[in-house]
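Reader: I've got a model on my screen and I'd like to talk it through. Could you walk me around it, please?

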Amino acid sequence: MVIKSVNLETVCGITSRLPEHEKPEVAFAGKSNVGKSSLINGLMNRKSYARISATPGKTQTINFYNINDAMYLVDLPGYGYAKVSEKEKIQWGKLVERYLHGSPRLKAVFLLIDIRHVPSANDRMMYEWILDKGFQPIMILTKLDKLKRSQVQKQIKVVKEGLDLVPGTKVIPFSSVTKQGRDEIWEVIEACTEL
Ligand code: GTP
Ligand code: MG
């Protein structure tokens, strides 16, 4: 994908309406701090257009990035951040549910897992939830640069087993530092949005 324009067009909170438009969307889910916003910046060739933070829980809204006026990359709020109140957890659930259930133009959901970690109970819940909504999540294993190359295959196996992935699920290791994996992710996005 040649990036000609990017625009954070809609920021959707608990009380906002979801945007109405005709363009395809792909969404990125995952634990707080896993690297969703960094991945979106990497895909857009922007350093810090999507806000990134060392503090988890930065993105608490659903952010719609319009790419080339042709499609949207959708940054979902992260889960599993310990310092979030019960009320905020419920609001997160309602917001994400409304989006996953209610967006007719959502073509694919990517689920991000830190390549160094064993999937958590929250990751498993999110995986099942995405499946329940009728999507087969595409796995992105983030922070690839932090792992020795010799460990990559082993960690892919840990994630496959930890989430009991549906056979044939795509698993793409990615680093927002080296951009390794970026082209493959765009290929998948282009295929499922028919761009
Ligand atoms: P929330 O908005 O809290 O849900 O987090 P997020 O998933 O959007 O994570 P974000 O992109 O803000 O990244 C969190 C931290 O991880 C930041 O300090 C990033 O610089 C760092 N990070 C993200 N991706 C990578 C990566 O591929 N490699 C390395 N080394 N650091 C990364
Ligand atoms: Mg974020």
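What follows is a set of questions and answers about this structure.

Author: Quick ground rules: this is a predicted model, where local features need pLDDT of at least 70, side-chain atom pairs count only at pLDDT 80 or more, and totals for chains, interfaces and linings use all residues. Residues are numbered from 1 along each chain as its sequence is written, while chains are lettered from A and ligands numbered from 1 in the order in which they are written.

Reader: In what pattern do the helices and strands follow along the sequence?
Author: Helices (H or I, at least four residues) and strands (E, at least two) are DSSP runs, numbered from the N terminus. The protein has 5 helices and 7 strands. Read from the start, they give β-β-α-β-β-α-β-α-β-α-β-α.

Reader: What is the radius of gyration of the protein?
Author: The globule rule is 2.2 Å times the number of residues to the power 0.38, and the radius is taken over C-alpha atoms. For 195 residues that rule gives 16 Å, and the protein comes close to it, so it is as compact as a globular protein of that length. Its radius of gyration is 16 Å.

Reader: What percentage of the residues count as buried?
Author: A residue is buried if 20 or more other C-beta atoms lie within 10 Å of its own, exposed if 12 or fewer, and partly exposed in between, with C-beta atoms placed from the backbone. Of the 195 residues here, the buried share is 35%.

Reader: Which strand gives the largest share of the largest nonpolar core?
Author: A nonpolar core is a set of buried Ala, Val, Leu, Ile, Met, Phe, Trp, Tyr and Cys residues joined through C-beta atoms within 7 Å. The largest one has 42 residues, and those with the most contacts inside it include F110, L111 and I140. The largest share of this core is 6 residues, and they come from β5.

Reader: Is strand β6 mostly covered or mostly open?
Author: In a regular strand the side chains alternate between the two faces of the sheet. In β6, I138, I140 and T142 sit on one side and M139 and L141 on the other, and all are buried. With 5 of its 5 residues buried, β6 (residues 138-142) is mostly covered.

Reader: Which residue of β6 stands opposite F110?
Author: Two strands pair if DSSP finds at least two bridges between them. β5 (residues 106-114) and β6 run parallel and are joined by 5 bridges. Across from F110 you'll find I138.

Reader: And on the β7 side, what stands opposite I140?
Author: β6 and β7 (residues 171-173) also run parallel, with 3 bridges joining them. The β7 residue opposite I140 is I172.

Reader: Through which helix does the chain cross from β6 to β7, and is the crossover right-handed or left-handed?
Author: A crossover is right-handed if, with the strands pointing away from the viewer, the path from the first strand over the helix to the second runs clockwise. β5, helix α3 (residues 121-132) and β6 make one right-handed β-α-β unit. From β6 to β7 the β-α-β crossover is right-handed, and the helix it passes through is α4.

Reader: Is K160 buried, exposed or partly exposed?
Author: K160 is in helix α4 (residues 152-163). Leaving aside neighbours within four places in sequence, K160 is in contact (C-beta atoms, placed from the backbone, within 7 Å) with L165 and V171. It has 15 other C-beta atoms within 10 Å, so K160 is partly exposed.

Reader: Why does K154 count as exposed?
Author: K154 is also found in helix α4. Its C-alpha atom is 9.9 Å from that of I115, 39 residues apart along the chain. K154 counts as exposed because its C-beta neighbours inside 10 Å number 10.

Reader: What about K143: buried or exposed?
Author: K143 lies in the loop between β6 and α4. Although it is not a glycine, K143 has a positive phi of about 65 degrees. It has 21 C-beta neighbours inside 10 Å, so K143 counts as buried.

Reader: And E194, buried or exposed?
Author: E194 comes just after α5 and takes a positive phi of about 60 degrees, although it is not a glycine. With 8 other C-beta atoms within 10 Å, E194 is exposed.

Note on methods: Two residues are in contact if their C-beta atoms, placed from the backbone, lie within 7 Å.
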